[in-house]
Amino acid sequence: MPTSPRPSAPTAARRPRGRPMSEEAGETIHRATLQLLAERGIDGFTMRDVVERAGVGVATIYRRWPSKGDLVAGTVTRLMAEAAPQPVAGSPTETIRLVTRSLVDLLTTTPVGAALPSIIVEADRNPAVGAIVHGWFARRRHLLKQALQEGVESGEFRADMDLDVAFDILAGPPYYRRYIAREVLSAEYAHRHAEEFIRSALARSATAPPDRG
């Protein structure tokens, strides 16, 4: 009498060949990718360029990132996490001053500022990068709009303030000055910009506390 075939044992999940990538190698690859983004733009370099800049083997990169798009998405994810805005403890005017100073510093002295134009280009055509960048900007927007809302509710800022327009007026000029006008963007400018905004936002009966920064 024929017997039923025995059920086959489950197949073990296939593991990637080779040793796992070290944290140091991953950091070197991300740093090389970021440098090339800032120097050449998203279309100005290849995976081979990253290999040469990072000083790693071809297989080391392709084992983790099958394409340049995957590598850029991974690099942007890491970069934006490091540059994520942090909540600020203080009055609405203090928050505006601190966030404005930190934004100017971010755009002028960090890898994010150097690579941001190329990252924006890639965000428009790579959904993974687009989601990362959108989330990063959304967190910055939430932080500032929350400060503006608190200022309105406390009576420090005008009750008729349009929060969306006020945010654009506050957050937009540093980007415009850095990437469009290409004029000097400095700590001194950040101070003048924040103080001018605060003066225009104050309720008639309110007085802004002095800037201790």
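In which helix is the place of His193? In this predicted model, His193 sits in helix H9. The surroundings of this residue, the packing of H9 and the overall fold are described below.

The protein chain holds nine helices and zero strands. Read from the N terminus, its elements run α-α-α-α-α-α-α-α-α. The chain has 213 residues, and 40% of them are buried. Contacts with a separation of 6 or more were also examined by their distance in sequence. Of these, 68% join residues 24 or more positions apart.

One annotated stretch falls within the chain. The UniProt record, an unreviewed entry, assigns the label "DNA-binding region" to residues 46-65. In the model this span is 75% helix and 0% strand. The C-alpha atoms at its two ends lie 13 Å apart.

Two of the helices, H5 and H9, pack against each other. Helix H5 covers residues 92-109, and helix H9 covers residues 187-201. Two quantities describe a pair of packed helices: the angle between their axes and the distance between the axes. For H5 and H9 the angle is about 150°, and the axes are 9 Å apart. Angles over 145 degrees count as roughly antiparallel, so H5 is roughly antiparallel to H9. Their crossing is right-handed.

The residues of this contact can be listed for each helix. On the H5 side they are Thr93, Ile96, Arg97, Thr100, Arg101 and Val104. On the H9 side they are Ala187, Ala190, His193, Ala194, Glu195, Phe197 and Ile198. By class, the contact of H5 with H9 comprises seven nonpolar, three polar and three charged residues.

His193 is thus one of the H9 residues that meet H5. Its relative accessible area is 11%. Buried means under 20%, so His193 counts as buried. With neighbours within four places in sequence set aside, His193 contacts Thr100, Ile169, Leu170, Pro173 and Pro174. Among these partners, Thr100 belongs to the H5 side of the helix pair.

Helix H5 also contains Leu106. This residue is buried, with a relative accessible area of 9%. Again leaving aside neighbours within four places in sequence, Leu106 is in contact with Ala83, Val112, Gly113, Trp136 and Arg140. Ala83 and Leu106 are 23 residues apart in sequence. In space, their C-alpha atoms are 7.9 Å apart.

Methods: Residues are numbered from 1 along each chain as its sequence is written. This is a predicted model: local features need pLDDT of at least 70, side-chain atom pairs count only at pLDDT 80 or more; totals for chains, interfaces and linings use all residues. Side-chain values use heavy atoms; hydrogens and water are left out. Axes are lines fitted to C-alpha atoms, for helices over the stretch in contact, and angles run from 0 to 180 degrees between N-to-C directions. Helices (H or I, at least four residues) and strands (E, at least two) are DSSP runs, numbered from the N terminus. Angles under 35 degrees count as roughly parallel, over 145 as roughly antiparallel, 65 to 115 as roughly perpendicular and the rest as oblique. A crossing is left-handed if the near helix is turned anticlockwise from the far one by less than a right angle, and right-handed if clockwise. Contact means heavy atoms within 4.5 Å. Ala, Val, Leu, Ile, Met, Phe, Trp, Tyr, Cys and Pro count as nonpolar, Asp, Glu, Lys and Arg as charged, and the others, Gly among them, as polar. Buried means under 20% relative accessible area, exposed over 50%, partly exposed in between (1.4 Å probe, protein chains only). UniProt positions are given in the numbering used here, feature names are shortened, and annotations may be inferred rather than shown by experiment.
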